[in-house]
Amino acid sequence: MRIAVVGGGPGGLYFAALAKQLAPGSEITVWERNAADDTFGFGVVFSDETLGGIEHADPEIYRAMEREFARWDDIDVHVKGQVITSGGHGFAALARRRLLQILQQRCAGLGVTVRFRTEAPDARALAASHDLVVAADGANSATRAAFAATFRPGLDVRRCRYMWLGTDLVFDAFTFFIEQTPFGVMQVHGYPYDAAGSTFIVEMHDEVWREAGFGTLAAPALPPGASDEASIARIRELFASVLGGHAVLANNSRWTSFTTLRCENWRHGNVVLLGDAAHTAHFSIGSGTKLAMEDALALAACLHEQPDLDAALGAYEAERRPVVASTQRAAQASLEWFENLGQYLNQEPEQFAFNIMTRSRRVTHGNLRLRDPEFAARIDAWFAGHEKRRGMGSGDLVPPMFQPLRLRGLELKNRVVVSAMDMYSAADGTPSDFHLVHLGGKALGGAGLVMTEMVCVSPAGRITPGCAGMYAPGHEAAWRRITGFVHGQSTAKIGLQLGHSGRKGSTRLMWEGMDEPLSDGNWEVCGPSPIPYLPGTSQVPRELTAADLAEIKQQFLNATLSAGRCGFDLVELHCAHGYLLSSFISPVTNRRTDRYGGSLAGRLRYPLEVFAAMREAWPAGKPMTVRISATDWCPGGITGEDAVEIARAFQAAGADAIDVSTGQVTPEEAPAFGRSYQTPFADAIRNRVGIATIAVGMISSYDDVNSIILAGRADLCALGRAHLYDPNWTLHAAAEQGYDGPAAAWPDPWRAGSRPPQAGRGDGPRPRLQLIREGEPATRHARWRPAAPGGPAGPGAARSG
């Protein structure tokens, strides 16, 4: 094959070296517009996983890299005058210039032609003259631009500014410096890359950047390769205490707003994208060079394995796209955490350190317990003491999810909530034996709070004919039977979620066709504006009049009074998912021109009026919560910033917690699904508004729950599908963590099953196979210790966490 590689960075060179080894007869040419010794940036960090792949693919490259590595295990967080360390992470870094030299030498030895200081020919000309064109020409790829109609790149410009610098201050660990300046909070990401230098990345929110005067200091346009010296001088002043007299080094260093790149397609005919030309991921999880070299390995392997070029390029994209998407999700979570860094400044150093460690949602409470048990135990102990000081527990050291929580006069034994899930199994609104078993079983399963499905306040307020209600005398008796069982047979509490379907009513049961209108027995639907949920399919809702609004508010009030007579411990008002009250809040569904439309304050007016009537009727000692959709996931809809104001308004009206969901307001939504994907909205509300929050959405493991609670992202975690899969989810989570206490007490008739059954012979006692027993494995706390002249470099002595 004749292969053209556009771009002589790590990804392009590594691909060329691997492809040449697998197909020595191939003619491979790399075009690089810069000189061989030009490089922008300072150090490159690798994970153990990526290094394992490099070692297997090309041991010679790996050995050359290994000789240069700075290695360490610790992460230091400098915040509020304290340094908190977590160990056991495992890092390896080297200078970017040295990495390029190693790859250039390998390519030269294999017979790859590398043309430095040479612009690549036009992409179309290369595609015509070569069998394969590999576009490894970076985030500003000219090759991608030439075929943009096929690649369809999407660019997401973020809200922080950062500058990539170096320093001759040699850090001995990955180090975060959180600096509170007169202009706002700024942060440094620092790590060593050799015996003489460290990468020093300065980052801050756009608003802080402007307040600090960088907007006027930064030159509007700099020539290629030049650095923003005026801004760098200001950085030296701002971080003088961190630098301690050491130099700040520049290399094409200028302010940049990170841009996340995603391409719908990675290939156009025989042209394929690699590395930053195809995708970018925020530097805070150290992913750029790592992803490019992993791409290179996969592409070379697929070319070797597949029968033809078309199959190889298809296999490459199929293999790499999900891996890259996963990394981008983690990087997105991390970059958004840093964008919102200011909301965590009230956290105590221990919680802040745990929060920053787990910001990407890849590192969790459980991961940290494996990597650094001492650090995890320290944070657990801090949390127990913190909650005791808040009057939330005895201070006992238990997994975070088993600390109690108090809302007004209601004490929940743990932080687990069975999320409200529609069962569509009622008859004329009356809950059935199914509801008794469903809700009663979840209460026996150990959760602190069990929520009913959305219970509708009128027949016309139902979603389907199978929805439960609280509007007829017979309903109260059925609900009292359920609350009586929960209170009599478990230590769980039970909450009632009240709502009205609005324009999403009069539809079929979920398993008969979700959101599809009834063919027989349908009823009229209503909403703030005559906008159907599914245009051309759903009913056009009747626009509510003032008299209608008064009637529906009375229905909510009546249902609240019924809830009190039924013995519910908590009432939640459903203002999410496009149902009636949610439809008032969202500008997508509310086009009214009266006092109940227009601005966010106007659109909130009716839901707040309903809530106020309910709060006045509900006992003062019992809490009320509100479920909201924190974003509509569509242009022109509710945003995360709006959600903060919505929560603030309900807090002022007397809400005790916000149950933070998202979406389901419009079929045009495009949610960013992923692990705990809605938790950042709960996080922002909790830490900016100062109200308790309930996180919900793709939270499925006890590790997720512990991580969310301990990091201060939410106070409670609501799990739905996990409880459908395992009604005893909380009891099993306790057993797996070795917890046996009042926060997860097994019912007496079930106690014999409170330990996992033996799975086979492997569970039996094992023989002694060591003459001298080893001690408990210690946490790795190696620090980078550059060698003295003439001596070997390597990780230094252990340091306690």
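## Cysteines

The sulfur of C634 lies 18 Å from the closest cysteine sulfur, that of C575, which is too far for a bond, a disulfide being a pair of cysteine sulfur atoms within 2.5 Å. C634 is buried, with a relative accessible area of 17%, where buried means under 20% relative accessible area, exposed over 50% and partly exposed in between (1.4 Å probe, protein chains only).

This is a predicted model, in which local features need pLDDT of at least 70 and side-chain atom pairs count only at pLDDT 80 or more, while totals for chains, interfaces and linings use all residues. Residues are numbered from 1 along each chain as its sequence is written, and side-chain values use heavy atoms, with hydrogens and water left out.

A search of the whole structure finds zero disulfides. C467 is accordingly in no disulfide, and its nearest cysteine sulfur, that of C456, is 4.7 Å away; C467 is buried, with a relative accessible area of 0%.

## Nonpolar cores

The largest nonpolar core (buried Ala, Val, Leu, Ile, Met, Phe, Trp, Tyr and Cys residues joined through side-chain atoms within 4.5 Å) has 123 residues, of which L498, I658 and I685 touch the most other members. Apart from this core lies another, of 64 residues, including I102, C107, C263 and A312.

Leaving aside residues up to four places away in sequence, L498 touches a set that includes M454, V455, V457, F556, L573 and M614, contact meaning heavy atoms within 4.5 Å.

## Helix 24

Helix 24 spans residues 679–689, and nine of its eleven residues are buried, so it is largely enclosed by the rest of the structure; helices (H or I, at least four residues) and strands (E, at least two) are DSSP runs, numbered from the N terminus. Among the buried residues of helix 24 are F681, D683, I685, R686 and V689, and I685 is also one of the residues that touch the most other members of the largest core.

The cover over these buried residues includes strand 26 (624–629), helix 23 (640–652), strand 27 (657–661), strand 28 (692–696) and helix 25 (702–710). Just after helix 24, G690 takes a positive phi of about 85°.

## Partly exposed positions

M510 lies in helix 19 (residues 510–513) and, at 39% relative accessibility, counts as partly exposed. G52, in helix 2 (residues 48–57), also counts as partly exposed, at 34% relative accessibility. G52 and Y62 are ten residues apart in sequence, and their C-alpha atoms are 8.9 Å apart in space.
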